[in-house]
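Student: I am new to this structure and would like to understand the words people use for it. Could we go through them together?

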Amino acid sequence: MAGIGVRLNRIFDKQSITAGMFGVLYGSCLTVAPMVLVIGVLLVLEYLLGFDQLDFYTRELFSCTILYTFIFSLLTASPFNSVLSKYMQDAIFEERYQDILPCYYFGLVLNIFLSCLLGIPFCLWEHFVGQVPVAYVFTGFCGYISLTMVFYSMLYLSICKDYGRISLFFLAGMAVSLILGLVLYFVCGWETTRAMLLAMTVGFFVIAALEYGSVRRYFVDNSSRFWPVVKYFGKYWHLVLINFLYTLGLYIHNFVFWTTDMRIVVARSFVCNQPYDMASCLAMFTNISATVIFIARVEMFFHDRYKAYSEAVIGGKLSDIQSAKRKMFREIANQLLDLSRLQFMISVVVYLLCVVILPRFGFAGMVMRIYPCLAAGYFILFQMYAEILFLYYFKDLWGAIFTSASFCLVTFLGSLVSTRLPDIWFGTGVVVGSFLAWCIGYMRLRWVERNMDRQVFCQGTLIKPGRRQKRPSDQVYGKTA
């Protein structure tokens, strides 16, 4: 993310209204533009192809297919991304560029294997039990695998700081989807949902292919050394657990509400809760700007404090080290406070716009009654995730595990309780889970601050640890005549 921070720093240094607006637009385009492009193309295709004129079953089957494609492609990618990111960063730091492609291929095989392990049984059930045509099922499965590859390859391009290229790839892929969908419907005479599903699948595949080509352009040599990558999964298993629990926590409240009486079962396979899922989507977009704010402010301000502390540890006096540490943790507190304050102002404005404008487009009733509580929960959730990233900076993996595990578990239990509450309080599980995890993350950061010296200066070992080795002698030195 440093590439964005440097660019934003140059933009905001001009200290003008125009520069500020351009900086926000630039950061937004590089972080949330891919998601906005996908949703925008879907909405355009639905409007041009007469999606709202279809029967309820056909519309819900397509909507659930897209929903499951996104959710489970993110879930299957989550266990691997953090460990592979760590390995790749270490390889780049040590200038072992020939080890990047083995890491990429090994992670890709793992990701696709897990995705198929979940996707193939579901698709078989969808066809044989749900009586969905095999062509439709196969197209949806190909879209699911293609999107899994898209999310996986984005990891490598992000580490290479090539955010602009990611946005361009999504723009190209979604342009292909839009054109192909129109051709299939108006020229070939395909049915609406078949044309849209194949168009989105091809678009996802185009993005994945472009990302793969870009990765190969960056890293040409291949050492074929796969065993070091496997060892990283054993060494940094904490990262697997942290990222999976956090990603699961993002959707576990939806899964709980999929079991209530409000659920809709489509083709005896897909389960969803349309009002709650739509309210969750609106709540997420209300607070998604926190990602842009965090990237901009942390990389422009905290990174310098972290670098100053590291340099003081290497060659500074004790007073310099203590002063740099105080400034660094003071900067963390300032960034968390600024993130909350700025995001609160943005969320209030977006919330008011949603309440006033969305009912005119059919978003009313239960969706808008569930939305406020979920919006508050997602506001706290993004603040909590910022604390997890700060814990990553200080290698406090156990603290990050406690934070993500408490978020996932409490959100699950709280959502079970909130299903019995009035619909205005359905989002209570997200609010309670996010707030408790935020408190744990904050207390863990304070613990890191108190124990920073021990963590930095007492981590090494004088004697290499091992088993079945002879105990060293107690003699320190000997004097000879």
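Tutor: Gladly! Let's begin with a definition: a salt bridge is a side-chain nitrogen of Lys or Arg within 4 Å of a carboxyl oxygen of Asp or Glu. Keep in mind that this is a predicted model.

Student: What makes the pair Glu 94 and Arg 96 a salt bridge?

Tutor: The closest N and O atoms of Glu 94 and Arg 96 are 2.6 Å apart. The cut-off is 4 Å, so the pair qualifies as a salt bridge. Glu 94 and Arg 96 also belong to a network of salt bridges with Asp 99 and Arg 225.

Student: How many salt bridges are there in the whole structure?

Tutor: A search finds 8. One of them joins Asp 423 to Arg 369, with the closest N and O atoms 2.8 Å apart. That pair links distant parts of the chain: Asp 423 is in the loop between α15 and α16, Arg 369 is in helix α14, and 54 residues separate them.

Student: Why is Asp 423 called buried, and why is Arg 369 called partly exposed?

Tutor: Buried means under 20% relative accessible area, and exposed means over 50%. Asp 423 has 17%, so Asp 423 counts as buried. Arg 369 has 39%, which lies in between, so Arg 369 is partly exposed.

Student: What makes Arg 444 and Asp 396 a pair that ties parts of the chain together?

Tutor: Their side chains meet in a salt bridge, at 2.6 Å from N to O. Arg 444 lies in helix α16 and Asp 396 in the loop between α14 and α15, so the salt bridge connects parts 48 residues apart in sequence. Arg 444 is buried at 18%, and Asp 396 is buried at 6%.

Student: How do you know that Glu 211 has no salt bridge?

Tutor: Glu 211, in helix α8, is buried, and its nearest side chain of opposite charge, Arg 165, is 10 Å away. A salt bridge needs atoms within 4 Å, so Arg 165 does not qualify. Among the residues in contact with Glu 211 are Met 149, Leu 157, Phe 169 and Phe 170.

Student: Which side chain of opposite charge is nearest to Glu 126?

Tutor: For Glu 126 it is Arg 194, 13 Å away, and Glu 126 is likewise buried without a salt bridge. Glu 126 lies in helix α5 and touches residues including Leu 61, Gln 131 and Phe 270.

Student: Gln 131 is on that list. What is unusual about the phi of Gln 131?

Tutor: Most residues other than glycine have a negative phi. Gln 131 is not a glycine, yet its phi is positive, about 60°. Gln 131 sits in the loop between α5 and α6 and is exposed, because its relative accessible area is 60%. Ser 224 also has a positive phi, near 60°; Ser 224 lies in the loop between α8 and α9 and is partly exposed at 46%.

Student: How do you know that Ile 100 is buried?

Tutor: Ile 100 is in helix α5. Its relative accessibility is 0%, so Ile 100 falls under the 20% limit and counts as buried. Ile 100 touches Met 88, Ala 91, Ile 92, Tyr 156 and Phe 219, leaving out residues up to four places away in sequence. The C-alpha atoms of Ile 100 and Val 220 are 9.2 Å apart, although their positions lie 120 residues apart along the chain.

Student: Where does Tyr 156 stand in the largest nonpolar core?

Tutor: That core has 116 residues, and Leu 84 and Tyr 156 have the most contacts inside it. Helix α14 gives the most to this core, with 15 residues.

Student: What makes the buried residues of α9 line one face of the helix?

Tutor: The buried residues of α9 are Pro 228, Val 229, Tyr 232 and Phe 233. Seen down the helix axis, they fall within an arc of 155°, so they line one face. Trp 227 and Gly 234 are exposed on the other side of α9. The cover over the buried residues of α9 includes α4, α5 and α10.

Student: And how many helices and strands does the chain have?

Tutor: There are 17 helices and 2 strands. Of the 481 residues, 47% count as buried.

Key. Residues numbered from 1 in each chain as written. Predicted model: local features only at pLDDT ≥ 70, side-chain atom pairs only at ≥ 80, totals over all residues. Heavy atoms only, no water. Helix = DSSP H or I, 4+ residues; strand = E, 2+ residues; numbered from the N terminus. Buried < 20%, exposed > 50% of the residue type's maximum accessible area, 1.4 Å probe, protein only. Lys, Arg positive; Asp, Glu negative; His and termini not counted. Contact = heavy atoms within 4.5 Å. Core = buried A, V, L, I, M, F, W, Y, C linked by side-chain atoms within 4.5 Å. Arc of directions from axis to C-beta.
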